[in-house]
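Got your viewer open? Let's take a walk through this one together, one selection at a time.

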Amino acid sequence: MVDAVVASAAIPGVFPPVPIDGIDLVEIGVANNTPISVAVGLGAKRIIVLPAGFACALHKPPANAIAQAIHAMTLISARQLVRDLAFYSSRAEIFVVPPLCPLDVSPYGYIQCDRLIERAAGKTRAWLSDGGLERAFIPAEPYEHAHAEAVKQKGVRHQ
C-alpha cells in the first residue's frame, strides 16, 4: 500500500518512478488524470467527475522548478479533461462538479488543504442543491481562462 501511495506522487522530473512488480509507476495524471475513457470502456453510462481544477488566479508565477512542474501538470490535466469531456459526452452522461474558481493556490498546495476542502465541499453542496446531478453539462471552470485582476497585477496567464 505504501508503495502505491508513493507511486501516486511520483511526478516525472520531481520524484522518481516507483518500481512495483517490475513496472515503473508514476502519478496517474501524467497519462490520464481523469480516467473518463476507462469508465466508458468499462461500460459506465453515468459518470460524476470531481476535478481538482488549476490555479487560475495566481498573484505571481510559481517560484521554483517543482512548483512550476506541478502547475504545468494541472494545466495539462485541465486541457485533457476538457478534451475527454467533449469526446465522451456522447457515449455517457457526464456530470462535472465545478472546480474551485478563482483559485489562487495550487490544488496541491497542502498548506491550505483545510481551506480548499472547505471551499470545495461548499461549492459541491451548492452544485447538488442547484440540480447538478439532474443535468449533464461542462462548467466553464475547466476551460482555459484568466482572471482580469491576476493578469493586471502580475501578468500571470494560462497558456
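What percentage of the 159 residues in the protein chain are buried? Buried residues make up 35% of them. Keep in mind as you click around that this is a predicted model.

**Stop 1: the whole chain**

Select the protein chain and switch to a cartoon view. You should find six helices and four strands. Follow the chain along its sequence and the pattern reads α-β-β-α-α-β-α-β-α-α. Now try a surface view: the protein chain exposes about 9600 Å², and carbon and sulfur atoms supply 61% of that area. If you turn on contacts, look at the ones between residues at least 6 apart in sequence: 67% of these join residues at least 24 apart.

**Stop 2: color by confidence**

Next, color the model by pLDDT. The average for the protein chain is 84, and 89% of the residues score at least 70. Where are the two extremes among the elements, the lowest and the highest mean pLDDT? Select residues 93–96 for the high end: this is strand S4, with a mean of 95. Then select residues 148–154 for the low end: helix H6 has a mean of 50. Stay at this end of the chain and pick residues 150–159, where the pLDDT is below 50. In the model, this stretch has 25 contacts beyond near neighbours in sequence.

**Stop 3: a pair of cysteines**

Select cysteine 56 and cysteine 101 and show their side chains. How far apart are their sulfurs? The distance is 3.6 Å. A disulfide needs the two sulfur atoms within 2.5 Å, so the sulfurs of cysteine 101 and cysteine 56 are too far apart for a bond. In fact, the disulfide count for this model comes to zero. While you have both selected, check their surroundings. Cysteine 56 is buried, with a relative accessible area of 3%, whereas cysteine 101 is partly exposed at 23%.

**Stop 4: salt bridges**

Time for some charged side chains. Side chains of opposite charge can pair when their charged atoms come close. How many salt bridges does the structure hold? There are six, and we'll visit some of them.

Start with arginine 83 and aspartate 84. Their side chains meet in a salt bridge, at 3.8 Å from N to O. Are these two residues buried or exposed? Arginine 83 is exposed, with 53% relative accessibility, while aspartate 84 is buried at 8%.

Now select arginine 115 and aspartate 104. The closest N and O atoms of this salt bridge are 3.5 Å apart. Arginine 115 sits in helix H5 (residues 113–129) and aspartate 104 in the loop between S4 and H5, so this pair ties together parts that are 11 residues apart in sequence. Both partners count as partly exposed: arginine 115 has a relative accessibility of 33%, and aspartate 104 has 29%.

For the last stop, go to aspartate 130 and arginine 135. Here too the side chains meet in a salt bridge, with 3.5 Å from N to O. Aspartate 130 counts as exposed at 54% relative accessibility, and arginine 135 counts as partly exposed at 37%.

Definitions and conventions. Residues are numbered from 1 along each chain as its sequence is written. This is a predicted model: local features need pLDDT of at least 70, side-chain atom pairs count only at pLDDT 80 or more; totals for chains, interfaces and linings use all residues. Side-chain values use heavy atoms; hydrogens and water are left out. pLDDT is the predictor's confidence in each residue, from 0 to 100. Contact means heavy atoms within 4.5 Å. Buried means under 20% relative accessible area, exposed over 50%, partly exposed in between (1.4 Å probe, protein chains only). Accessible areas come from the Shrake-Rupley method with a 1.4 Å probe; for residues, only the protein chains shown count as cover. A salt bridge is a side-chain nitrogen of Lys or Arg within 4 Å of a carboxyl oxygen of Asp or Glu.
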